Every structure is written in structure tokens, then in C-alpha cells.
Amino acid sequence: MRMDIVIAGVGGQGTVLASRVIAQAALDAGLAVRTSETIGMAQREGTVTSHVRIGEPLYGALIPDGSADVLLGFEMAETARWLHKLKPGGTVLANSARIIPVSVASGRSKYEADTIMEYLRSTTDSLTMLDATELAIKAGNYRATNTVLLGAMSTLPCLPFKSKGLLSALLETIPAKLRDINSRAFELGRQAVEV
Amino acid sequence: MTRKMLLMGNEAIARGAVEAGVQVAAAYPGTPSSEVFSTLARFAEEYDYYAEWSVNEKVALEVAAGAAYAGARAIVSMKQVGLNVAADPLMTLAYIGVKGGLVLVVADDPGPHSSQNEQDTRVFAGLAKLPVFDPASPQEAKDMTIAAFELSERLNLPVFIRPTTRTCHVCQDVVINETGLRNSIGFKKDPSWVIFPSLAYKKHKWLNEQQEAAREIFNESPFNKLELKTRAGIIASGVAYNYVKEALDMLDMEVSVLKIGTPYPLPDKQVLQLLKNTDRVLVIEELEPVVEDQVIAMAWKNGIAAGISGKNDTFVPREGELNVDKVRDILVRYFGLAGSEASQAADDESQAAPGVNRNSDSTPEKPVLPERAPILCAGCPHRASFYIFKETARKDDAVFTGDIGCYTLGVMPPLSAMDTCLCMGASVTIASGMAAVEKDRKHIAFLGDSTFFHTGLAGLINAVYNNSDITLVVLDNRTTAMTGHQPHPGLNRTATGMNEKHIDIAGVARAVGVELVREVDPYDLEAAREAAIAAVAHKGVSVVIMKRECIAIVKTVKKCTVDTEKCIGCKKCMNDLGCPALVPDGDKVAIGNTCNGCNVCGQICPVGAIGEVVL
């Protein structure tokens, strides 16, 4: 069983926590795992990615272009930016919410949301979008956006571990006082994509 | 059953040190190395060893060396440029040697992702004539740390571990073992601890002999592995080995591969075995041709005619980091395989997603995406400090010299508040140098609180002593923010707990003779403005301490809101501050989720349209 997952987002959205939780769930399921994360300067509102690789054979932690089974997008434009990581027929699960960068706010760059959305739709076979930020606010805090997306991801049939395993890895990783909000966020994410 | 834990490479190195019975740990933070020591600090009490965040890397290495003189196992960690600061003790410590094992973890940052240069610590290890391990994974980093302590005591030399970002910040399921025995402590007085010209000559000879001893030991090291298969071979060092193995799988190729885990001094046994059994060899490593040049020397010395390729004939880039895609392209080119163009196109972001529709002519091109460079966080107090000094001095074309930290992001538009950045502590000294030759211009230096103690203080004393006409702004956010919020001497906190003492920056500035010292809260724009005006007008050295905690370490208790009735859509807040919480909302401005209620925007709004809400 081999699985490569790329998480793309904006520094501050909790992509590092998300990749750790997925990796812990894989480890709990007895699988070999590697993650690679963006830590350092880019964490300050820059574009960030986490790579999670599960199962043997496992070499480096960086996922080559065109080979991710799943692209988990935390932000719409960032999902498009890292789409080249996805393998043909791969699954995209993404937040439809946008984070407007300062470059756009101060007029040095453009965020053409409709064009980006159309690009995502027309180039992927399996695309699911949900407003994870809105659901996180509903769960109690916008910061739980990452958990909503993990909840949504937990419904994918191709995962090498159970949905429950992902949730318990999450709850063990975060501080006790945040468990209620995150349990709710995880469930809202699940419900949003379940058919 | 073996116990496995998900560990980051840096945590794995720390775990290796704990298992090796480490007794002293010292460090100065720097990405990508910081978590080595933060992890060691966390476990210091449980495993009973001494751990300190030192004020800089030179100090950290000397503290560790002192402990190792006394027989302790000591570890010191830093990023690649930190080693420059520690270079002075390092170069002579190699001559003096150690008694207890001394391991230097120096993290390199090919890319670079979070550094001011791409220097290769393996070259530095060669210059200092010290052995170096180059781990390919967190598990290997842990195993190498234990091996490095043993090697250090066997050779009586400090030993390097040189992980790169893709080992430091990679997590893996790592095997956890028991902890080892401790060394007995006791410094034995002996003239050989005192470096002196006549001793240095003898020690230099000894150090050179230790090179060959290290090479012999590395010849038997499990971290180097030769798989002989074909008459063509690849030698790969560190993380590059992972990329080579995966690229070979992708290309469905089998060739001879020599994995190198100890790049200096390069073990000759397996290299010569490979060279004698192949017609040509490609060396793949990140940054400098450290392994490659040694392979060339070995081939020449042994009269072997095998072709040796790599960086010297431009097959392998010398800049940036490698990955599977790049290595696959290198292999395709080196072995003359077809199909390299398609994968090269994949590197170009403007191209259509290659994995998705590689063979389709109708694939839409990737649209133009918004630029998203890193910037100061919403509510970062540095933004207010830069805003005030721009307002005070930019109209007179003052030069803002910068330094290393989060505040380097002050260079990003629309703030654009940094004109120079070189290395730790250089803001104040570069300003002094400019002030010496630009008498009619204002020179304002910006540096952080941790940087002040690291190497800024010497520059400040120098400026006072030499009557420099500069203003130093200490952006005191009560932490070492960029690297993960480590403590520093200005706080009542050490690496392992609370501290009764703290060193007051304003007091230090006054004590060294600065005549104008002001300490203000940058969120209070009026007070900050008054201090800035006074400091800039002052002839001689002035110091303004902009004191306000980093927003990442305080709880958000309020937010700002825009009264859309009052907002006139002038966008002054967005355009002057560039705060990511300020976003366009039609013709007006809205405030996003990340606002922490600093209310700096509220203070500059010309119509008073921004107010605060307590959460």
C-alpha cells in the first residue's frame, strides 16, 4: 500500500498539524511514513506545503510532480498553485474559501477567483470543494479549518487507515481544551462531503 | 516489539543524544536547526543533563567545549551561518581536541528556504579538518548522532552532524532505544589544553594524522553502502541518495549505487571498489562538490581512468536543493534516455498541471495566481515600529539598515522599510559605516531583542566608542520569534525554566554610554512617534526600544471592525500598513479573521472608521 498526500495552504493555516496527524494515523495503523513540512520564514502568511508519504517503498519525503494520490487544498489559489503535484486521476479535496494576500489588497497582484475555479474544475477528474473556513467558524473557531478538511478527507475510500484512526490521532495531538471544537469541526467536514 | 515514534529529524537527533548519554547541550536557534535543542531542553530535567540557550553560537560551542574538556558528552546545535559565528573557537578546538564526545549539529538549508546563504557545512568541516556525517533520514540522523559521540571520543575530535532542511523538517517513524551510560567527569590539568604556537605546530601534525584515522573508521561505517550492479555508477551523499533511489525506480533502471553518509573525510575503500568496477561515475550531492572533488582526487592518486561527472561538468546544479524530479532529469541526461523535456516543463509553474493532463492538447494553462510571499503577521508590533520610523524619517531619505529575524520581512511592500540586511548584528554596524561617510543623512538600524544580545551589543558599544551618529531601534517583541519563540537574556526565562534575572536592554544601552534611550509601546503610535522624532533629531547614538510582545505568544482578546458608514474607501490602512487582516471589500475595507485588535489601523484611519470589539 503506497499513498502520497500533498497539503497546500497559507502559512498559519495549520498544514503542519494536519500532516503530523495524518502521519500519526498511518503510524498507528502500522505503516511506514514520512512527512516534509514548510517551517521557517514562509510560515508567515506565505505559500506552504506539507508532503505525507505512507507505505513502503519509502525513500525521500518530497513527493515528485504528477504523483500525489490526494491534494488537500486549504485555500483555493494554493490548491491551483500545487495542482501539478497531483497524479492523473488523483483526488482533490479543497477549501473554497479564499485568503486575500497583501499583494492583492495593495493592488500589486490579482486574485481571479472565477478563472482559478474554472481551471480547477476543468483539469481534475475528482474535485470536491467545501467552505471549510465557514464550517470551522460554525464549529467554534476559524482556526479549525485544518480539522474540517481532515474530517472531509477521512471519508475518502482510498485511505490506508480508518476515519476513526484519523480522529483519534488528531485528538491525541492537540491540547485537551481544544478537543470539543475539533471534534465538531472534524464531524462537520465529514458531513459536508458525505453523499 | 520495538517502540517507534513519529519524530522530526531534529527531534531524532535530540533523541540520539539522549540515548548516547548526553550531559551538556547548548545552542542558539536558527532554522532549520532550532528543534534539535528545543527538544533537548524539554527532556533535560527528565534525563538530568544541563541545557542552555546561549547568547550566540560562539558562546554555545565554547560552553560545550568546556564541558567536553571535563569529560562530558556535549552537543551543540546551530544553523549553517551560525557556524560562521562559532568559527573562531572551532578552528582551534580541532587542534586542542576534546576528552568527552563533542557533537556539532549544523543544519544546512539548500534552497535556501529560510537563510541568507547556501553555504555547505561539509566544506567547513573539511576546512576545520573534522569528520562529518550527512544523514538521509531522521532515523539515520538519530543513529549517526550516537555514532558521532563514539567517533568523537575515539579520535578526541569534535564531530559534525550536518542535516539539511529535508532531514531536519522531515518526520519519520523512528525506533526508540534505551539510554546509555554517562561519562565520568573531571577536568585533568595538562599543558596540552593551552594552545601556544609551538603546541599548535605539533597539534596540526596530529590533526592531519587523525584525518587518515577517521577515513579508516569511515571505511567500515554502516552509513556508507555499495551496491555493485552495472559498469555505470552513481555516488550519492545525504538526502540526494533518496532522490536517486526513487528516480531509478521511476525510470526502471538498475545501476551501481554508492550511498555516502560520511562525506568528509571520504572513505576510499568503497569509492575505489566502485571506480575499479565501472567505466563512469556520476556524483549527486546538494550544494558543493565535496564528495565529487574527493572522488576525483582518489581516482587521480590511484591512476584510475573512469569518467567522473557531477558539478564540475555541470550535470548536477551547485545551487538550490535537489528533488526526485531534478535527479530524474539529471539521470535522463547523463544516461542519454529520451523524455527529459516533458519533465523539465513540469518545473515551470506557468505550465498546465503535468500529472493531470500531460498528453492533452486541450489542457487549459495554469491561470495567473496571486503572489503570496511571506509577510509580517496580522497585528505584528514590528509593523507599527516601521510605520512610525517611515513617517518620521523617510521623507528625508534616511537609510534603514536591517538585521536577521521576522522583521527582515519589513522589506516586503507596501512597508518597504528595509534597505540593507547582511547577517546577525550587522544593522547597527552597517549604519555606523554609512554614517561615517554620509554625514548629512540619517541612518537608522533595526534589530530584534534576541539579535541585540547575539551580536548587536558589540556594534552598539563600537558606535558609542566611535561617536557614530546613528539611531538603533530595538524591536523588542519579548522572544526569538522567527525560529519558534525561544527565550533570551532579556526575559525571566531560560531554556529549562524561570530565571530570577533578566537583562534590561534600556539599562544596557545607558550603561554603555548611550545618551538618548527611549522605551515605548509601538501600538501607542503617539508615544512611538514622539520617541522616534527625538531619537532621529539626536546627534550621536540614540536607542529606541519598541517593546511589545509578539502576537503569536499572546491570546487574542479583541478585534477591530470597520464602520462601513464612516469608511470613505481611501485604503490608507491597507496601503500604508499591509496588514494581512485588512482586505478589500468592494470599494471599502473589511477586517478578516486573523485580526488581533492591535488597533494601529484605527489610529491612522483619517475618518475614525475603525473601532475595537472585545471578544
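**Exercise 1.** Determine how much area domain 1 of chain B and domain 3 of chain B bury between them, and what share of it lies on carbon and sulfur atoms.

*Solution.* In this predicted model, the two domains bury about 1100 Å² between them, with 61% of it on carbon and sulfur atoms; buried area is the accessible area (1.4 Å probe) that two parts lose on being put together, summed over both. Next, B:Tyr28, B:Trp53 and B:Gln116 supply 40% of the area that domain 1 of chain B buries against domain 3 of chain B, more than any other three residues.

Local features need pLDDT of at least 70 and side-chain atom pairs pLDDT 80 or more, whereas totals for chains, interfaces and linings use all residues. Residues are numbered from 1 along each chain as its sequence is written, chains are lettered from A and ligands numbered from 1 in the order written, and side-chain values use heavy atoms, leaving out hydrogens and water.

**Exercise 2.** Find how many salt bridges cross the interface of domain 1 of chain B and domain 3 of chain B, and which helix gives the most to the domain 1 side.

*Solution.* Begin with charge pairing: the rule, a side-chain nitrogen of Lys or Arg within 4 Å of a carboxyl oxygen of Asp or Glu, finds zero salt bridges across this interface. Then turn to the elements: helix 2 (34-47) and strand 3 (50-53) of chain B each supply at least two residues of the side of domain 1 that touches domain 3, where helices (H or I, at least four residues) and strands (E, at least two) are DSSP runs, numbered from the N terminus. Helix 2 of chain B gives the most, with five residues.
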